[in-house]
Amino acid sequence: MRDQDNYTRAIAGLTLKNNLLKNFNKTPLFVLDYVKSVCLQSLDSPDPDTTIRRTIGSVMTSITVRGQILNWPEAMQALVGILEKSTDPLAIDTALDTLQKICEDNAPDLNEAVFDTTPILDYIIPQITAFIDHKNERFRVLAVSALSHFIQLRSPSLLAHMDQYLQSLFRIASDNSTQVRQEVCRSFVMLLDHFTENLLPYLSSLIEYMIFCHQSEDSKVALEACDFWHQFARLEKIRAYLTPYLLRVIPVILSSLVYTDQDLIMFGNEEDEEENSSPQDLQLRFGNSYIKINGRHYRHYREEDEDEEDPEDEEFFSEWTLRKFSATSLDALTSAFTSQVTNILLPLLNNTWFSDDWRIVESGILALGAAAEGGFDSIAPHLPELIPLLISNMSNPNAHVRYIACWTLSRFSSWIVAQCDDLNEGRTRFYEPVLRELLRRILDKNKRVQEAACSAFSTLEEHASSEELVPYLPVILNHLTRALRLYKNRNLRLLYDTIGTLAESVGSSLNEPACIAVLMPPLISRWNHLEDTDSNLFPLLGCLTDIATSLGVGFLPFTEPVFTRCVMLVSTTLQNAIQDPSYDDFDDDMDDEFIVVPLDLLSGIVQGLGNTVEPFVKKSTLLPLLAVCSHYDSRYEVLQPTYALIGDLAKACFTTLDPYLENIMPELIRQLKNDDMSYKSVRNNAIWAIGEIAIRWRKENMEKYVESILQTLIPLIHSQTYTELHENAVNTIGRLGIHNAEMIASALPLFARNWLYLSRNIRENEEKDSAFQGF
C-alpha cells in the first residue's frame, strides 16, 4: 500500500494488529503467511516514515504474542541479523523498536524459547546489549528498556551475560538524556530486587548514583531513583549497606516532599473550593457484607475493595508523583531502620515547623506522618511537643497544611486516645484539643480538608472506646449533623462512614432521646430524597446499618419505612434480573449492590430490635426472597449477607423462619463443602447460621441433617488450612448436641480431643456456653 498516504497505511496497520490479536486462531493460514512475508520485507526495506515502521513492529509483536515465538523463527532471526550486521539506521531502529515491543508484551515466552538446544535469548541479549551505549539516544533507550523486561523473570540468559550488561549500564549512568537515565534507574531498581547478589560489589557506587539521581531536576528520573530506597528497605539482608548513607539519604527524601508548582497545578486553586464531586467519584465504601463470628458482625469488604488505599491516604497514592513516592519511601525506611531514621529526621523537622514558606511547613508535617508507623516508639517521647504544633496547623490559613495536619494527627490516634487515662493534663492538653479541632475541620470550607478531617476522626473513633467518646456525644453529633447539611457526593460518603464508625464505637450509648433527635432527622431526610436507583443510597444504607445495630429498640420508630424499602430493593432487583431474557442465575451483569447493601441493613435492624422485629418480618416478603438468595449457585457477594441475615433471624424470631428452613438448610449445608477461597466468609456465615438454627429447630426436623453437617465440620476442625473457620465450626458442632445428643455422642471419638483443644481459644460468650451444653 505504498501508493496510499501514510495516515491511511498506519490506520490499516493498526486495524490489522487488532484483528490479529482478537481473531488470530480464525485467521486463514495463507493470510497469516502473507502478512509475515510483508513484515519481513519491510525489515529489509524499512519505510522512511516513523509511524509506519512502528506499526509494522506492532503487527509483528501481535503475531508473536498470539502465535508464539517458536512458530515464527524467521522473525527473530531477521531482527537479530539486522542488529548484528546492518548499518542502516532505519533498519536498526525498526528492529530495536520491534524487539522492545516483543520483550514488553511477550517476555515469558521469549525467556523460555529454545532454538535447537540454545535459548533464543542467548542470541538476542548480546546483540541488544551492544546498543546500550550506542551514540544514538533512541537506540540506547530501546536497548535498556528491552532488556529490563527479563530482570523480573530472573532470566538465566540475562544472568549469563550479567557482567557485560552491568558494565554497559554503568557506562551510560551519567547519560545526557534524561530518558536514558530514567531507564537506567528503573533497571537498577529491578536488579537490586531480583539480582541482589550480582549488585553487591557495586552497591556503594550505586547508592551514590541514586542519591545523585534523586536530586535530578527531571522528576521522572528522580522518581525512579526514589524507588531504590523503597526496594532497599524491603531487602533485610542488605540493609546494613545503606546505614552509613542514611545521613545523606533522609535529607534528600525530605526535600522531595515539598510541593512543586506542577503538584499544585494538579489541585488548582482550592482555598475556597466547594464540594462538587461527580457521581463517578463515588467509589462505595459501604458495599460490604458481614462475617459472622460469635454472633457479632465483622465488616468484610469485597475483594475489589480490599486493595484500595484508605481515603486519608488517597492524596499520596492516587497518582504517583515524586512527592508521594518519597513519602512511601520514607515510611518504608522508617519501618526498616526505625530510630536510625527518626534520629536523623526529627532534628531536620525542627527547621520546618516555623518556616515562612507554607510548603516547607507542609512537607515537615507530611514527613512526620510518613514516619509515624515505623518510627512510633522513637517519636512518642517527642509527641507532647509535636501534637500541639499539629493542632495549631489544623487551623493554618493554607488548606494544604490543614489537610496534611489532619492526616498526620490521625497517624498518632492511639497515643492521643491513650492520654485520656490522665484525667487531668493528658485529656485537656491533647485529647480534647484534637477532638475539638477535628470537629471544626469537618466543617471546613475546603472539601479536601473536610475529607481529611472525616477520615482522621473515623480513625480516632476506632481507637477510642465509648468512655472516651460518650461524654462528648452532644457536640460530636452537632458537628456531624451540620456537616450532613453541608456535604455533597464524595465527602458525604466519608461522613456516613464517620457516623457509622461513631455508632459502632459508642454502641447503645447512642440510644438516648436527645442523641436520636439530633442524628436521625437529617439522615431520614436524606433517605427520603434519594431515588431507589440512586447509588448514593448505598453509603447511607451502610451508615444506617451501624446506627440500627447500636440503637437497638431505639430504632423502632424508623423501622417500618426502612425495612419495607430494603425488602423492596431486593425484590425489585431479583425481579428485574429474572425478567431479563439473558438472565442466568446471579450473573455478572446483575447489580448485586442493590441486594447486598439492603441485606446488610436488614441484618443490622434485626440485631438491634431482636424479637420486636417479628411483626415487620411477618408482613414482608423477606423470607421468600432469602430462600432465593440462599441458592448455592448465587454469587458470594449475595450469599454472604444472606446467610448472616438467616442466622440473625434464627436468633430474633425463629418461628417466622421455620417454614422456610426445609428449602434453606440444604443450601447452607452444600456451602459447607465449598473450598473456593473466595467463598470462605460465605462458608463461615453458613456454619454460624446452622449453629443458630440447630439450637432452636425441633429434633425431628434437624436430625436428618446432622450426619452431613458432621461429615464436613469434623474434618474442618482438624484442618490447618481454614483456621479462621474453627471458631464457628467448634461452636456449631457443640450446639448440634443440644437436641441431637445421641447422634453427636457416637461421633465423639472423631472430634472430642481437637474440639476441646480449639475451644480454649474461643472467648467466653453465650454461643460458647451453648456449645459446651451440647457437648
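In what kind of crossing, left-handed or right-handed, does helix 23 pass helix 24? In this predicted model, the crossing of helix 23 with helix 24 is left-handed. Helix 23 spans residues 383-393 and helix 24 spans residues 399-410. Their axes come within 8 Å and cross at roughly 145°. On the side of helix 23, the meeting residues are Ile387, Leu390, Ile391 and Asn393. Helix 24 brings Val401, Arg402, Ala405, Thr408 and Leu409 to the contact. Sorted by character, the residues of this contact comprise six nonpolar, two polar and one charged.

A second place worth a look is Thr352, which sits in the loop between helix 20 (339-349) and helix 21 (358-370). Is this loop residue buried or exposed? Thr352 has a relative accessible area of 5%, and because buried means under 20%, Thr352 counts as buried. Its side chain reaches the backbone oxygen of Leu349 at 2.7 Å. Leaving aside residues up to four places away in sequence, Thr352 touches Ile360, Val361 and Gly364.

Ser759 can be described in a similar way. Its place is in helix 44, which covers residues 748-759. With a relative accessible area of 4%, Ser759 is buried, since the cut-off for that word is under 20%. Which residues does Ser759 touch, not counting those up to four places away in sequence? The contacts of Ser759 are with Val730, Lys768 and Phe772.

Backbone angles draw attention to two further residues. Gln68 is not a glycine, yet it has a positive phi of about 75°. Gln68 is located in the loop between helix 3 (50-67) and helix 4 (73-85). The relative accessible area of Gln68 is 46%, so this residue is described as partly exposed. Asp116 is not a glycine either, and it has a positive phi of about 60°. Where does Asp116 lie? Asp116 is found in the loop between strand 1 (114-115) and strand 2 (118-119). Asp116 has a relative accessibility of 77% and therefore counts as exposed, as that word applies over 50%.

Key: Residues numbered from 1 in each chain as written. Predicted model: local features only at pLDDT ≥ 70, side-chain atom pairs only at ≥ 80, totals over all residues. Heavy atoms only, no water. Helix = DSSP H or I, 4+ residues; strand = E, 2+ residues; numbered from the N terminus. Buried < 20%, exposed > 50% of the residue type's maximum accessible area, 1.4 Å probe, protein only. Polar contact = N/O pair within 3.5 Å; in protein donor to acceptor, adjacent residues only side chain to side chain. Contact = heavy atoms within 4.5 Å. Axes fitted to C-alpha atoms, helices over the stretch in contact; angles between N-to-C directions. Left-handed = near helix turned anticlockwise from the far one by under 90°. Nonpolar A, V, L, I, M, F, W, Y, C, P; charged D, E, K, R; others polar.
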